[in-house]
Amino acid sequence: MRSYSDGPPQGLTDDQFADAAKTVRAGAGHLGDDIVVQGSRAAGTARPDSDIDLAIRVSPERFDELIQERFGSPNPGSAKERTMMWAMDTGKIQAGEAGVSGIRRSLEAQLGMDVDLSVIRQSGPFDNPPFIEVP
């Protein structure tokens with residue numbers, strides 16, 4: 001994992017990344033403390049219009065806890081159940097379901113770009129390096 005000391009993600013200044021780190025840790029740090037940038041901005045392959053992918057990496061056990069906390073026992077066949085099943089299958093809980101849409105919107109305003117903020121299960125399909133550690 002690349003650390004912040006190696007520089008910010010592609011397209012961000014040191015100050016932007018430091019401010020974004022404070023915002024995401026203050027608003028979403030309760031979900032987990034392993035927060036990373038991944039995707040094209042971590043790989044250095046982003047286009048000017050690329051989003052930034054922020055992931056809160058959690059253990060499989062913590063992921064299961066969050067699924068239960070965020071979804072409960074939805075009605076069979078409901079949209080909520082389908083969303084829960086998608087999250088369980090993919091190992092990814094989107095910002096809305098994780099309760100951090102407001103943080104995502106704040107980050108978008110701060111950074112001037114689209115932000116994908118999600119909780120991902122370690123060793124799941126979305127847990128793909130390269131990663132840049134969020135300080």
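A salt bridge is a side-chain nitrogen of Lys or Arg within 4 Å of a carboxyl oxygen of Asp or Glu. The views below come from a predicted model.

**View 1. Arg57 and Asp127 meet in a salt bridge.** Their side chains come to 2.7 Å, N to O. Arg57 lies in strand 2, and Asp127 lies in the loop between strand 4 and strand 5 (132–133), so the pair ties together parts that are 70 residues apart in sequence. Both partners are away from the exposed class: Arg57 is buried, with a relative accessible area of 14%, and Asp127 is buried at 13%. The structure holds 7 salt bridges.

**View 2. Arg62 pairs with Glu65 and with Glu69.** Side chains of opposite charge can pair when their charged atoms come close. The salt bridge between Arg62 and Glu65 has an N to O distance of 3.3 Å. These two residues are 3 apart in helix 3, so about one helical turn separates them. Arg62 also forms a salt bridge with Glu69, where the closest N and O atoms are 3.4 Å apart. How accessible is Glu69? Its relative accessibility is 55%, so Glu69 counts as exposed. Glu65 is partly exposed, with a relative accessible area of 43%. Elsewhere, salt bridges that share partners join Asp34, Arg57 and Asp127 into one network.

**View 3. Helix 3 has a buried side.** The helix covers residues 60–71. At 1.5 Å a residue, its 12 residues should span 16 Å; the end C-alpha atoms are 16 Å apart, which agrees. Which residues of helix 3 are buried? They are Phe63, Leu66, Ile67 and Phe71. These residues cover an arc of only 105° around the axis, which puts them on the same side of helix 3. The face turned away from that buried side carries the exposed residues Glu61, Asp64 and Glu69.

**View 4. The buried residues of helix 3 pack against several elements.** Two of the partners are helices: helix 4 (79–90) and helix 5 (95–98). The others are strand 2 (52–58), strand 3 (92–94) and strand 4 (115–121). Phe63, one of the buried residues of helix 3, has a charged neighbour. The charged end of Arg121 sits over the ring of Phe63, 5.2 Å from its centre. After helix 3 comes Gly72, whose phi is positive, near 60°.

**View 5. Trp86 and Phe126 form an aromatic pair.** The structure holds 1 aromatic pair. A pair of aromatic rings is described by the distance of the centres and the angle of the planes. Here the ring centres of Trp86 and Phe126 are 6.4 Å apart and the planes lie at 55°, so the pair is tilted. Trp86 belongs to helix 4 and Phe126 to the loop between strand 4 and strand 5, so the pair ties together parts that are 40 residues apart in sequence. Trp86 counts as partly exposed, at 38% relative accessibility. Phe126 is partly exposed too, with a relative accessible area of 32%. What sits over the ring of Phe126? The charged end of Lys92 does, 4.4 Å from the ring centre.

**View 6. Helix 6 turns Ile103, Leu107 and Leu111 to one side.** Helix 6 covers residues 101–111, and these three are its buried residues. They cover an arc of only 60° around the axis, which puts them on the same side of helix 6. What do they pack against? Their partners are helix 1 (14–28), strand 2 and strand 4. Just after helix 6, Gly112 takes a positive phi of about 70°.

**View 7. The loop between strand 4 and strand 5 holds Ser123 and Pro130.** Ser123 is not a glycine, yet its phi is positive, about 70°. Is Ser123 buried or exposed? At 73% relative accessibility, Ser123 counts as exposed. Further along, a cis peptide bond joins Pro129 and Pro130. The omega of this bond is about 10°. Asp127, the partner of Arg57 in View 1, also lies in this loop. So does Phe126, the partner of Trp86 in View 5.

Terms used:
Residues are numbered from 1 along each chain as its sequence is written. This is a predicted model: local features need pLDDT of at least 70, side-chain atom pairs count only at pLDDT 80 or more; totals for chains, interfaces and linings use all residues. Side-chain values use heavy atoms; hydrogens and water are left out. Helices (H or I, at least four residues) and strands (E, at least two) are DSSP runs, numbered from the N terminus. The expected span of a helix is 1.5 Å times one less than its number of residues. Buried means under 20% relative accessible area, exposed over 50%, partly exposed in between (1.4 Å probe, protein chains only). The arc is that of the directions from the helix axis to the C-beta atoms. Contact means heavy atoms within 4.5 Å. Rings of Phe, Tyr and Trp (its six-membered ring) pair if their centres lie within 6.5 Å; planes under 30 degrees apart count as stacked, over 60 as edge-to-face and the rest as tilted. A charge sits over a ring if NZ of Lys or CZ of Arg is within 6 Å of the ring centre and within 35 degrees of the ring normal.
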